[in-house]
Structures are given as C-alpha cells and as structure tokens.
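Welcome! Here is a friendly walk through one protein structure, feature by feature. Have a look at the sequence and the model first, and then read on.

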Amino acid sequence: MYSPICIPTLCRADKFKNLVESLKKCNEAKDSELFVALDYPPAQKYEEGCSQIDEYLKTLSGFKAVHVIRRSENLGAIENIKSLLATVCENYDRFIFTEDDNIFAPAFLEYVNSGLDYFEGDKNCESISGFSYPVQMPESGTTVIKMQRYFSDWGFGTWRDRYFEARDTLTNDFFKKVYKSPSLAKKLRKASKKNYTRAWAFMTDPNVRPYDYTNSCGQILLDRYSIMPKKTLVKNTGWDNSGVHCDETSPIAKLFMEQEMDMREHFVEFIFDDEESERVNETVDKSMIGSYDRIPYLKTRAKEILYRYK
C-alpha cells in the first residue's frame, strides 16, 4: 500500500518545486497520491509566490494523482495542516507528511512505506522518520534506530490511529498533569532538559498540537519511539532564514546545511538493536541537538515546584 503524501504550503515557490521534484525521483511516486493544501495569501507580499505554486500544480505530473486544496481564506500554517490531515484521514489509515522546504533522497518513499507496513502492529511506534540527526552513528550491521527522546516532522509517515491519539492526548491538560506529577516531570527532565523546558508552555498554548516538540515529549512520557535511518533521507533547506525558527547564523544551522543524504535508490531492510538505539538517544541528547539554556531550565524547575503546590 502506498501512503498519500501531504504537503501544506503558501508562497515559497522555489522550495516547494524542489521538494516535489525530489519526490518525483522516488520510484514509488508514480503509485502515490499527492495532497497539497495551498493556503490563501494573508497579504500582498505572499501573492506572487502563491500564484507560482498554483501554476506549477496545474501541470504537475509524475504521481498517481494530484489533489490540490485551494483555500478561499487564509487559515494560517497550523490550521492549514490540521485541516489537510483531517481531510486525508477520512479515507486513508496512514499518511506521509512533509513541510514545503524539505528535499528527499530517492529511497525516501520506499523506506517510509515499507516502515509503515513493518511497524504497523507495534503501537509504541509513533512514526517512520526519513530524517536522522547529524551525530556519529555506531558502525554495525543495523540500518535504523529507535529514537525516543526526539521527534522530527521533517518528512515522516504515520498511521491515522497514532496521529489521532497524539492529537487527543498531547493537550494542555496532559502537560498540566506532567508538571503536577513529580515522577512524570522527572522522567521528562531526565530524558531531555531541552524538551522539559519547552513543555512548560504547552500547558497554556492554545495551539498545542502534534509536532516535533510535543511529540518528543509524548514519546518520552508514553514510552513511544520513532524509527530513524542511520543516515538521513531528508534535508531541510529552510536554514537560509526562510524557514520558521531556522536561523542561518545559529550554530546548529551549519550542521543541518552540511548534512549529506543517503542517495542510494533502495532501502534494504529494517535492522535495529535496542541497546544501540539507547546509546544513540544519549548521543543526540548530549549533542548540539539537545543543547538547552541553563537559566530557562532552572526557572522551569522553580516554576514546576511552585505549580505543584499551588
């Protein structure tokens, strides 16, 4: 079964075209349906890019089918994503999601679709991620790792039931319970001080939803994981300041921009080792990926204690 591919977009025409053209190089593209949610431009400065994407989509081929959802009013990034996934989940039990500034290796679709079949019965598996963090991986016979401490939404596949569960579980009330519970707060803090610090805002954020940071916390707290290849099949091109929270001057930007993809045409098989995966989780958390600001972390610790005894 080939999963539908979901892409929300607005106006980054060059990024969007590069993304789609990279997907077309995957052998499975011709058997895959593409769903694009083109948001309505909220201001005149977005109109040209939006129009360019619209024109490109009118003649797009190379997929089994191309479905374009053209918004008649601006929904904003979050609501555009939510509505797109709700529409796709009406008829499919799985999907592949990507933002519009990623590019993919030739084996990406084969890898994700195969992974969704292979791990479907394991309800602790949250996603099949095409991205892998730029850290030194152990040299062994394994091909993937189980990543628990961090979730990446830079091109991944998941199942409808897992997505709905995350959507309905990772709520403001869920995170309030975490900080009210000494054991849950400690579990999150011990696994990732970065996620522990960020999660404080999820208690009150009206737009809290499944995405990288919330899902990272959910995986830690609910004992879930995502499958990641040992060498990335995805590259995020938004680190030129065009992406949200992607500052090209940040130290981590250089890591991502120089990261090389696995350009083999086929993904062989899923081989993993739990002990090796745990070591890689620790490596990632101790790397620049898991770096955190000590002052906000200590403030969150203090707020947690005060909140618990309110």
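## Cysteines without partners

Let us begin with the cysteines: the structure holds zero disulfides. Cys50 is one cysteine without such a bond, and the nearest cysteine sulfur, belonging to Cys11, is 7.6 Å away. With a relative accessibility of 9%, Cys50 counts as buried. Cys217 takes part in no disulfide either, and the nearest cysteine sulfur, from Cys125, is 18 Å away. Its relative accessibility is 0%, so Cys217 counts as buried. As background, a disulfide is a covalent bond between the sulfur atoms of two cysteines.

Please keep in mind throughout that this is a predicted model.

## The sheet

What is the order of the strands in the open sheet? Eight strands follow one another as β3-β2-β1-β4-β8-β6-β9-β7, and their pairing is mixed. At the edges sit β3 (65–70) and β7 (144–147), each of which pairs on one side only. On average, and with direction ignored, neighbouring strands of this sheet are turned by 25° against each other.

Two of the pairings can be followed strand by strand. Strand β2, made of residues 33–38, runs parallel to β3, and the two share six bridges; one bridge partner pair is Glu33 with Ala65 in β3. Strands β1 and β2 are also parallel, joined by five bridges. There, Ile5 has Leu34 of β2 as its bridge partner.

## A strand covered on both faces

Is β2 enclosed or open to its surroundings? Six of the six residues of β2 are buried, so the strand is largely enclosed by the rest of the structure. In a regular strand the side chains alternate between the two faces of the sheet. For β2, one side carries Glu33, Phe35 and Ala37, the other carries Leu34, Val36 and Leu38, and all of these are buried.

## Helices on the sheet

Helix α3, residues 77–89, packs on the sheet and touches β1 (5–9), β2, β3 and β4 (94–97). The direction of α3 makes about 155° with that of β1. Helix α5 (residues 160–169) lies across β4, β6 (125–129) and β8 (156–159), and runs at about 90° to β8.

Asn80 is a residue to look up in helix α3. With a relative accessible area of 2%, Asn80 is buried. The side chains of Asn80 and Arg71 are joined by a polar contact of 2.8 Å. Beyond its neighbours within four places in sequence, Asn80 is in contact with Pro8, Thr9, Ala37, Asp39, Arg71 and Leu75.

## Nonpolar cores

Which members of the largest nonpolar core touch the most other members? This core has 53 residues, and the answer is Leu23, Phe108, Tyr111, Ile128 and Ile227. Tyr111 makes a good starting point for exploring: setting aside neighbours within four places in sequence, Tyr111 is in contact with residues including Ile128, Val144, Ile227, Met228, Pro229, Leu233, Phe267 and Phe270. Apart from this core lies another, of 20 residues, with Ala166, Ala191, Trp200 and Val208 among them.

## Around helix α7 and helix α11

Ala191 turns up again in helix α7 (residues 182–191), where the buried residues are Ala185, Leu188, Arg189 and Ala191. The buried residues of α7 pack against α6 (172–180), α8 (193–199), α9, α11 (274–286) and α12 (294–308).

Helix α11 offers two acidic residues to compare. Asp285 is found in α11, and at 17% relative accessibility Asp285 counts as buried. A polar contact of 2.5 Å joins the side chains of Asp285 and Tyr150. Not counting residues up to four places away in sequence, Asp285 touches Arg149, Tyr150, Ala191, Ser192, Gly290 and Ser291. Glu275 lies in α11 as well, but Glu275 is exposed, with a relative accessible area of 59%. From C-alpha to C-alpha, Glu275 and Ala77 are 38 Å apart in space, and 198 residues separate them in sequence.

## A positive phi in a loop

Our last stop is Asp223, in the loop between α9 (212–222) and β9 (225–229). Most residues other than glycine have a negative phi. Asp223, however, has a phi near 60°, a positive value in a residue other than glycine. Is Asp223 buried, exposed or partly exposed? At 45% relative accessibility, Asp223 counts as partly exposed.

Terms used:
Residues numbered from 1 in each chain as written. Predicted model: local features only at pLDDT ≥ 70, side-chain atom pairs only at ≥ 80, totals over all residues. Heavy atoms only, no water. Core = buried A, V, L, I, M, F, W, Y, C linked by side-chain atoms within 4.5 Å. Buried < 20%, exposed > 50% of the residue type's maximum accessible area, 1.4 Å probe, protein only. Contact = heavy atoms within 4.5 Å. Pairing = 2+ DSSP bridges. Helix = DSSP H or I, 4+ residues; strand = E, 2+ residues; numbered from the N terminus. Axes fitted to C-alpha atoms, helices over the stretch in contact; angles between N-to-C directions. Polar contact = N/O pair within 3.5 Å; in protein donor to acceptor, adjacent residues only side chain to side chain. Disulfide = S-S within 2.5 Å.
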